[in-house]
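Please study the sequence and the three-dimensional structure displayed below. The exercises after it are intended for a reader who is new to this structure.

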Amino acid sequence: MDMQDDASHSEDSFGLTLGTDFSFEVSSDIDFDASYNIQMLDAASGGNSHHLKAITV
């Protein structure tokens, strides 16, 4: 097997993750919680991904 010294086995790509959490007391018995996250990647790494979760307790 012949390996070339100038062969590259790595790749650079851009990625950024942002997120936020929100809580609100609707009444003394009901709370609203929400969470939102986004991952921004270049197209070679899969593009953007969003996730939103909202619950009442």
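The following exercises concern a predicted model, and each is accompanied by a worked solution.

**Exercise 1. The overall fold**

Determine how many helices and strands the protein chain contains, and which pattern the chain follows along the sequence.

Solution.
Step 1. The count of elements gives zero helices and three strands.
Step 2. Reading along the sequence, one obtains the pattern β-β-β for the protein chain.

**Exercise 2. The sheet**

State in which order the strands are arranged in the sheet, and whether the pairing is parallel or antiparallel.

Solution.
Step 1. The three strands make up an open sheet, ordered 1-2-3, with antiparallel pairing.
Step 2. Strand 1 and strand 3 (49–56) are the edge strands, since each of them pairs on one side only.
Step 3. On average, and with direction ignored, neighbouring strands of this sheet are turned by 5° against each other.

**Exercise 3. Strand 1 and strand 2**

Describe how strand 1 and strand 2 are joined and over how many bridges they pair.

Solution.
Step 1. The connection from strand 1 to strand 2 is a hairpin that runs through five residues.
Step 2. The two strands pair in the antiparallel sense over eleven bridges.
Step 3. Individual residues can now be placed across from one another: threonine 20 stands opposite tyrosine 36 in strand 2, and leucine 18 stands opposite isoleucine 38 in strand 2.

**Exercise 4. Strand 2 and strand 3**

Find over how many bridges strand 2 and strand 3 pair, and how many residues of strand 3 are buried.

Solution.
Step 1. Strand 2 and strand 3 are paired in the antiparallel sense over eight bridges.
Step 2. Across this pairing, phenylalanine 32 stands opposite threonine 56, aspartate 33 stands opposite isoleucine 55, and asparagine 37 stands opposite histidine 51.
Step 3. Strand 3 has eight residues, and the number of them that are buried is zero, so strand 3 lies largely in the open.

**Exercise 5. Two residues compared**

Decide for aspartate 21 and for isoleucine 38 whether each is buried or exposed, and list their contacts.

Solution.
Step 1. Aspartate 21 belongs to strand 1, while isoleucine 38 belongs to strand 2.
Step 2. The relative accessible area of aspartate 21 is 64%. Exposed means over 50%, and therefore aspartate 21 is exposed.
Step 3. The relative accessible area of isoleucine 38 is 13%. Buried means under 20%, and therefore isoleucine 38 is buried.
Step 4. With neighbours within four places in sequence left aside, aspartate 21 is in contact with Ala34 and Ser35.
Step 5. When residues up to four places away in sequence are not counted, isoleucine 38 touches Leu16, Thr17, Leu18, Ser49 and His50.
Step 6. From C-alpha to C-alpha, aspartate 21 and tyrosine 36 are 6.6 Å apart in space, with their positions 15 residues apart in sequence. Isoleucine 38 and leucine 18 are 20 residues apart in sequence and 5.4 Å apart in space by C-alpha to C-alpha distance.

**Exercise 6. The surface**

Identify which residues form a nonpolar patch on the surface, and give the accessible surface of the protein chain.

Solution.
Step 1. The nonpolar surface patch consists of Phe22, Phe24, Val26 and Ile30, which together have about 380 Å² of accessible area.
Step 2. One member, isoleucine 30, is located in the loop between strand 1 (15–25) and strand 2 (31–41). Its relative accessibility is 37%, so isoleucine 30 counts as partly exposed.
Step 3. For the protein chain, the accessible surface comes to about 5,100 Å², and 52% of it belongs to carbon and sulfur atoms.
Step 4. Of the 57 residues in the protein chain, 7% are buried.

Notes: Residues numbered from 1 in each chain as written. Predicted model: local features only at pLDDT ≥ 70, side-chain atom pairs only at ≥ 80, totals over all residues. Heavy atoms only, no water. Patch = residues over 30% accessible without salt bridge, like charges linked within 9 Å, V, L, I, M, F, W, Y side chains within 5 Å. Areas by Shrake-Rupley, 256 points an atom, 1.4 Å probe, with all protein chains shown as cover. Salt bridge = Lys/Arg side-chain N within 4 Å of Asp/Glu carboxyl O. Helix = DSSP H or I, 4+ residues; strand = E, 2+ residues; numbered from the N terminus. Buried < 20%, exposed > 50% of the residue type's maximum accessible area, 1.4 Å probe, protein only. Pairing = 2+ DSSP bridges. Axes fitted to C-alpha atoms, helices over the stretch in contact; angles between N-to-C directions. Contact = heavy atoms within 4.5 Å.
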